[in-house]
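Colleague: I'd like to learn how to read a model like this one. Could you walk me through a few features, starting with how helices pack?

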Amino acid sequence: MEDVKKRLEDLKNLIRKHEYLYYVEANPEISDREFDRLLEELQAIESANPDWVTPDSPTQRVGDSVTSFLTVRHRVPMMSIENSYSTGDIHEWLERCEKLLGQSPFPVVAELKIDGVSGTFNYRDGSLQSGATRGNGQEGDLITSNVKTIRSLPLLIDSRYDMDIRGEIYTPRTVLEKLNQTRIENGEEPFKNCRNLTAGTIKSLDPSVAASRGLQVMVYGIAQAQELGFKRHSEALTFLQKQGFRLNKAWKVCQNHSEIFEFIDSIAGKRHEFDFDIDGIVIKVDQLLQQQELGNTAKAPRWAVAYKYPQERAISRLLTVEWQIGRSQLTPVAGLEPVELGGTTVSRASLHNLDQIKEKDIRIGDRVVVEKAGYIIPYIVEALPAERTGNEQVIEPPAICPVCQQTISIGKGEDEDTATVVKCENPLCQGVISRRIIHFITQMEIENFGPQLVDRLLETGIVKAVEDVLHLDAATLSKVERMGDKSAAKIAANIAAAKTKPLFRLISALGINNVGIVVSEKIAASCQQSFAAFLSADTDFLVQIEGIKDRVAQAIISFRENQLHQKLIEELKLWWQGPSPEELASQKAGDSLAGKSFVVTGEAEVPRRKLEELIKSHGGLVKSSVSPKTDYLLIGSMEGENFVSSKKTKALQHSIPIIDEHELCRILGVEFETIKNQG
Ligand SMILES: [Zn+2]
């Protein structure tokens, strides 16, 4: 009994740790399946010993709120759908429903299960009012400003229904691959998969971060479908499609069992062709009356089930371990015997860190299980010790730095939860300096300044530290081998332009551990966009900022106090000329229509010129003719219902939303009167 109780406590701690990595850090160490297994084990122990259930058990809650977004209560709870890992489970589910409904077979809708972050989007009077995350199912974070940056989500629709549309927010694979390429070049930990990147992005307080990362939404239902008069789920999907929402086109009404399993099989073969990760198929009862009849359990609807595809794993041999130098530590990367996995040949995999290697007892020469499951960077799940020959070697951290050959330090952070860090502490190590410079350049968005140029500047001695980058001019840059005058001028101009980037970029560019974009935004906001305030912020001030722990506050303070960083900080004080809070607010208002194209026609209550200026001043484009790519046709309100024009016909043909000047003002959140009275 004592053993079981101990296991219970261990499980709780383990789950808490992985929950933190998953929900807070967006950087999980184990797969969903491994996580599900831990939770299941805990649930089993608790249900056998109900007295042991405590309110703080991970089974009693889902996720903590971790951002400073407002919390909203969902009008209709967002339940999660029960997962099943075998087709046998699906058969059982179908039989159970058939029995309860007294109908066999009954129609279902099969849809792709996109591996993103669930969201809900409220539309009223034809326009997008708000967007929120699923959160714990009852309450979520209000992320309207980020949701609005998602281009596949219409700002306006024809329908006037007051409805909550449900969908999955995700990041396309191509975006993840590009971002990860840069991160790896920077020696930073790449995002594990599209979902983690999405989760991190929607938590960003600055909508421009969300916009720049090309978030997408595919919608999959209406919370109030039945109240609005829909009879079938498929009818609601067709309605959403017609309203201009992006849906996954692969959804299908299946009339019988064999159609369902054919659908599951046909998608399994195509998984890698999509530009988004899917982890399974969702099957929902089509008739809404039947859904109602089946009802819900405390946690999940009985009328839906998710089939999860098996994760992609392969067995290979670990040949080498390379310690890659990064900004703050060296990370182990496995070299593998090439193996086919998830549609690509894999020859490298992540080993996470020294603790993971020790815990899993992975050795060089071992046969190892490699997993990909939507992970762009495959990782080693476990070694197969039964297949050892005795010639395997224990993996040791390197004794010297692969770049500067100085002794390596290995240490644990003061916090027990942090992983062991393998580090080159030579302040003059070119490997570390190079990574820090590349990090600075990427965070400050200085374009055309790649890692190769950084290395050439370091080799020639033109640059010795991060601060030397600030003052590079065209003349100096053109001294670099193979550098044309034009490129040199362009790069110099880009460096100069970076001076006016917002404060959160500058803070994040310093490269302090655990201080990325999202944390930096919060700090910058708390410091009223003042670099001086950031430099003098003490621990008490920092830990008051939501999401900042003692450990992070300590890292910030010791970075600032470190002698090695004094010159950089002094120079940045003079160099940076970023926007004040007021400037930042007006910049944000300025691009709410970024990328949206408008065509303006007909007579409005204000001159057309004014409307065009208004659109352009908010980042929108004004075009002269309607094409399928047009986002809105604006027809002046002085024209009646019977207004005839070829533009209107075309807009109707392509389901392009038609608005008038009043609706434009509503989208922009400006008073029509102020526009009218402006000169
Ligand atoms: Zn070194």
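Modeller: Two packed helices are described by the angle between their axes and the distance between the axes. In this predicted model, helix α12 (residues 430–443) and helix α13 (residues 451–460) pack at about 135°, and their axes lie 10 Å apart. The axes are lines fitted to C-alpha atoms, for helices over the stretch in contact, with angles from 0 to 180 degrees between N-to-C directions. Helices here (H or I, at least four residues) and strands (E, at least two) are DSSP runs, numbered from the N terminus.

Colleague: What does that angle make α12 relative to α13?

Modeller: It makes α12 oblique to α13. Under 35 degrees counts as roughly parallel, over 145 as roughly antiparallel, 65 to 115 as roughly perpendicular, and the rest as oblique.

Colleague: Which residues of α12 and α13 meet?

Modeller: From α12 you have Q430, I433, S434, I437 and I438, and they meet P451, V454, D455 and L458 of α13. A contact means that the two C-beta atoms, placed from the backbone, lie within 7 Å. By type, the residues of this contact split into 6 nonpolar, 2 polar and 1 charged. The nonpolar set is Ala, Val, Leu, Ile, Met, Phe, Trp, Tyr, Cys and Pro; Asp, Glu, Lys and Arg count as charged, and the others, Gly among them, as polar.

Colleague: And what sits in the loop between α12 and α13?

Modeller: One residue to look at there is N448. N448 is not a glycine, yet its phi is positive, at about 65°.

Colleague: Is N448 buried, exposed or partly exposed, and how do I tell?

Modeller: Count the other C-beta atoms (placed from the backbone) within 10 Å of the residue's own: 20 or more is buried, 12 or fewer is exposed, and in between is partly exposed. N448 has 13 such neighbours, so it counts as partly exposed.

Colleague: Where else should I look for a positive phi?

Modeller: Try D361, another residue other than glycine, with phi near 45°. D361 lies in the loop between α11 (354–360) and β15 (363–364), and with 13 other C-beta atoms within 10 Å it is partly exposed.

Colleague: What about peptide bonds? Which kind joins S104 and P105?

Modeller: That one is cis, with omega about -10°. P105 is in the loop between α3 (87–101) and β3 (108–114).

Colleague: Now for distances: how far is N391 from D366 in space?

Modeller: They are 25 residues apart along the chain, and their C-alpha atoms are separated by 9.0 Å. N391 lies in the loop between β17 (379–383) and β18 (393–394), and it is exposed, with 8 other C-beta atoms within 10 Å. R388 is in the loop between β17 and β18 too. From R388 to E639 it's 81 Å, C-alpha to C-alpha, with their positions 251 residues apart in sequence.

Colleague: How do I step back to the whole chain?

Modeller: The C-alpha trace spans about 80 × 75 × 50 Å along its principal axes. Of the 679 residues, 34% count as buried. Taking contacts between residues at least 6 apart in sequence, 69% join residues at least 24 apart.

Colleague: Any ground rules for the numbers?

Modeller: Residue numbers run from 1 along each chain as its sequence is written. As this is a predicted model, local features need pLDDT of at least 70 and side-chain atom pairs count only at pLDDT 80 or more, whereas totals for chains, interfaces and linings use all residues.
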